[in-house]
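Visitor: I would like to understand how the words used for this structure are justified. Could you take me through the reasoning step by step?

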Amino acid sequence: MLRLFLALCYRAVYLLHHALCLRPGAPLEHSKLIVVGSFRTGGAGKTPFCIWLCKHLAAQGKTVALLAHEYAFDEIKMLRQKFAGNESVQVFATRNRYRLAHKLDKSCKFDCIVCDDGFEDSRLVGATTILLLWESIPTKISELWPCGGMRSLAKDHDLDHDKSSPMVRILRCEGGNPAIRFVIDKVLHFYSGKEFVKKNAKANIVCGLGNPERFCSDLQDFGIEIGHKFFFKDHSKAFAAQFEKIIQNRPQETFVISEKDAARLPAEFIQKNEKSQIFVASQTTEISTEIAQNLF
């Protein structure tokens with residue numbers, strides 16, 4: 001009952017915030033606005049998909065601005081590493097996607113403005129929304145955080161496809177024949193770049209992600225036998241210090257972290273733990289050519 005009460009309070013705050021602060025705004029005049037979102041509170045694969053999407057658009061000769069919330073400092077650092085040297089894609093950190101999108105739109109420098117998340121920002125009018133769906137669309141208060149794992153209900157979003165509404169593309173991420181799959185394609189040593197030996201390989205998992213269990217499942221699919229699991233809060237700024245304590249207690253053991261976790265590690269950590277067996281799992285997005293061609 002307590003969790004349901006908290007979910008009701010969350011729901012009330014959500015609706016009030018949208019009514020007062022997130023009223024529908026004006027559409028962009030020049031750039032194409034694309035919002036990548038999910039009902040899930042975290043771990044939906046929005047950032048990996050945004051990486052794929054920006055590369056996909058850049059390959060078509062488009063210039064792309066990728067907007068991410070500055071709170072996700074680790075994702076922003078990882079994204080900038082991913083697109084370093086790519087003149088077609090620029091990564092921006094912001095607290096207000098709507099305001100920045102309009103500022104960039106006026107500059108006429110970008111063909112596309114992609115919002116990593118922003119699904120809940122009802123000011124972003126006229127966007128093509130790509131919804132990553134892992135389960136049935138939520139319709140009950142009991143499915144909302146903190147009672148469940150969803151941020152909003154289906155009725156909070158215009159999911160119709162008529163000409164008067166924003167275009168919504170729903171990509172299912174699970175089930176027998178998902179439209180999109182996230183898989184780990186390589187696991188490399190953090191320092192040397194040497195590949196992880198999969199045969200009879202065992203490693204401890206250290207991560208601070210929205211869905212750490214899915215990360216572990218993906219590693220098992222890759223072929224890694226999981227030893228101990230050490231999970232921390234998503235976007236944790238204490239991750240490096242906590243990870244170092246684990247290494248000190250298990251100096252001879254092997255560890256696997258995600259690319260986002262690796263982006264959190266400062267230079268001091270890297271220098272101090274150069275001889276440690278730390279591997280980084282790289283995730284790739286798989287989507288069929290047919291679906292990719294019909295996104296827009």
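Visitor: What makes phenylalanine 269 count as buried or exposed?

Guide: In this predicted model, phenylalanine 269 has a relative accessible area of 2%, and since buried means under 20%, phenylalanine 269 is called buried. Phenylalanine 243 is judged by the same cut-off of under 20%, and with a relative accessible area of 0% phenylalanine 243 is buried as well.

Visitor: How do you know whether the rings of tyrosine 10 and tyrosine 14 are stacked, edge-to-face or tilted?

Guide: Their centres are 6.4 Å apart, and rings pair if their centres lie within 6.5 Å, so tyrosine 10 and tyrosine 14 form a pair. Their planes stand at 40 degrees, while stacked needs under 30 degrees and edge-to-face over 60, so the pair is tilted. Both tyrosine 10 and tyrosine 14 are buried.

Visitor: Why is the pair of phenylalanine 243 and phenylalanine 269 called stacked?

Guide: The ring centres of phenylalanine 243 and phenylalanine 269 lie 5.4 Å apart with planes at 25 degrees, and because planes under 30 degrees apart count as stacked, the pair earns that name. Phenylalanine 243 belongs to helix α6 and phenylalanine 269 to helix α8, so the pair ties together parts that are 26 residues apart in sequence. Ring pairs also link both into a cluster with Phe232, Phe239 and Phe255.

Visitor: What makes arginine 264 count as lying over the face of phenylalanine 239?

Guide: Arginine 264 is 5.1 Å from the ring centre of phenylalanine 239, which meets the distance part of the rule, within 6 Å.

Conventions
Residues numbered from 1 in each chain as written. Predicted model: local features only at pLDDT ≥ 70, side-chain atom pairs only at ≥ 80, totals over all residues. Heavy atoms only, no water. Phe/Tyr/Trp six-rings, centres within 6.5 Å; stacked < 30°, edge-to-face > 60°. Buried < 20%, exposed > 50% of the residue type's maximum accessible area, 1.4 Å probe, protein only. Helix = DSSP H or I, 4+ residues; strand = E, 2+ residues; numbered from the N terminus. Lys NZ or Arg CZ within 6 Å of the ring centre and 35° of its normal.
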